[in-house]
Amino acid sequence: SEDVLSKDAGECAICLEELQQGDTIARLPCLCIYHKGQVFLRIHMNCIDEWFEVNRSCPEHPSD
């Protein structure tokens, strides 16, 4: 599901950039969160959609 982050939450495991309050995120069923449609230094970051183009599982829980 897509959501807006209500507080800073560490770093995105895909791009390694900080997840900051106000970022648009995707929350997976395992509750892990990643950037979704975020712009960082003029670079469009859609981490989880790009990840799912080549992988079908959570980056942090590949066996789930």
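A polar contact is a pair of N or O atoms within 3.5 Å, and within protein one of the two must be able to donate a hydrogen while the other can accept it. The side chains of Asn46 and Asp49 make just such a contact, at 3.1 Å. This comes from a predicted model, and the surroundings of Asn46 are picked up again further down.

First, the overall layout. The chain has 5 strands and 1 helix, and reading from the N terminus the order is β-β-β-β-β-α. Of its 64 residues, 30% are buried. The accessible surface adds up to about 4,400 Å², and carbon and sulfur atoms own 49% of that. As for how the chain folds back on itself, take the contacts with a separation of 6 or more: 26% of them link residues 24 or more positions apart.

Now for the inside. In soluble globular proteins, nonpolar side chains tend to be buried together. Here the largest nonpolar core has 12 residues, including Leu5, Leu19, Ile25, Ile33, Ile48 and several cysteines such as Cys12, Cys47 and Cys58. At least two residues of this core come from each of strand 2 (24–27), strand 3 (33–35) and helix 1 (47–54). Cys58 is a handy core member to look at: leaving aside neighbours within four places in sequence, Cys58 touches Leu28, Cys30, Cys32, Tyr34 and Trp51. Of these, Leu28, Cys32 and Tyr34 also belong to the core.

Two of the strands that feed the core also pair with each other. Strand 2 and strand 3 run antiparallel, joined over 3 bridges. One pairing to look for is Ala26 with its bridge partner Tyr34 in strand 3; both residues are on the core list as well. The hairpin made by these strands has 5 residues between them, and one of its residues, Leu31, takes a positive phi near 80°.

Back to Asn46, which sits in the loop between strand 5 (43–45) and helix 1. Is Asn46 buried or exposed? Its relative accessibility is 17%, and the cut-off for buried is under 20%, so Asn46 counts as buried. Part of its company comes from elsewhere in the sequence: setting aside neighbours within four places, Asn46 is in contact with His35, Lys36 and Gly37. His35 lies 11 residues away along the chain, yet the C-alpha atoms of His35 and Asn46 are separated by 5.8 Å. On the helix side, the Asn46 side chain has its polar contact with the side chain of Asp49, a residue within the 47–54 span of helix 1.

Terms used: Residues numbered from 1 in each chain as written. Predicted model: local features only at pLDDT ≥ 70, side-chain atom pairs only at ≥ 80, totals over all residues. Heavy atoms only, no water. Core = buried A, V, L, I, M, F, W, Y, C linked by side-chain atoms within 4.5 Å. Buried < 20%, exposed > 50% of the residue type's maximum accessible area, 1.4 Å probe, protein only. Helix = DSSP H or I, 4+ residues; strand = E, 2+ residues; numbered from the N terminus. Contact = heavy atoms within 4.5 Å. Areas by Shrake-Rupley, 256 points an atom, 1.4 Å probe, with all protein chains shown as cover. Pairing = 2+ DSSP bridges.
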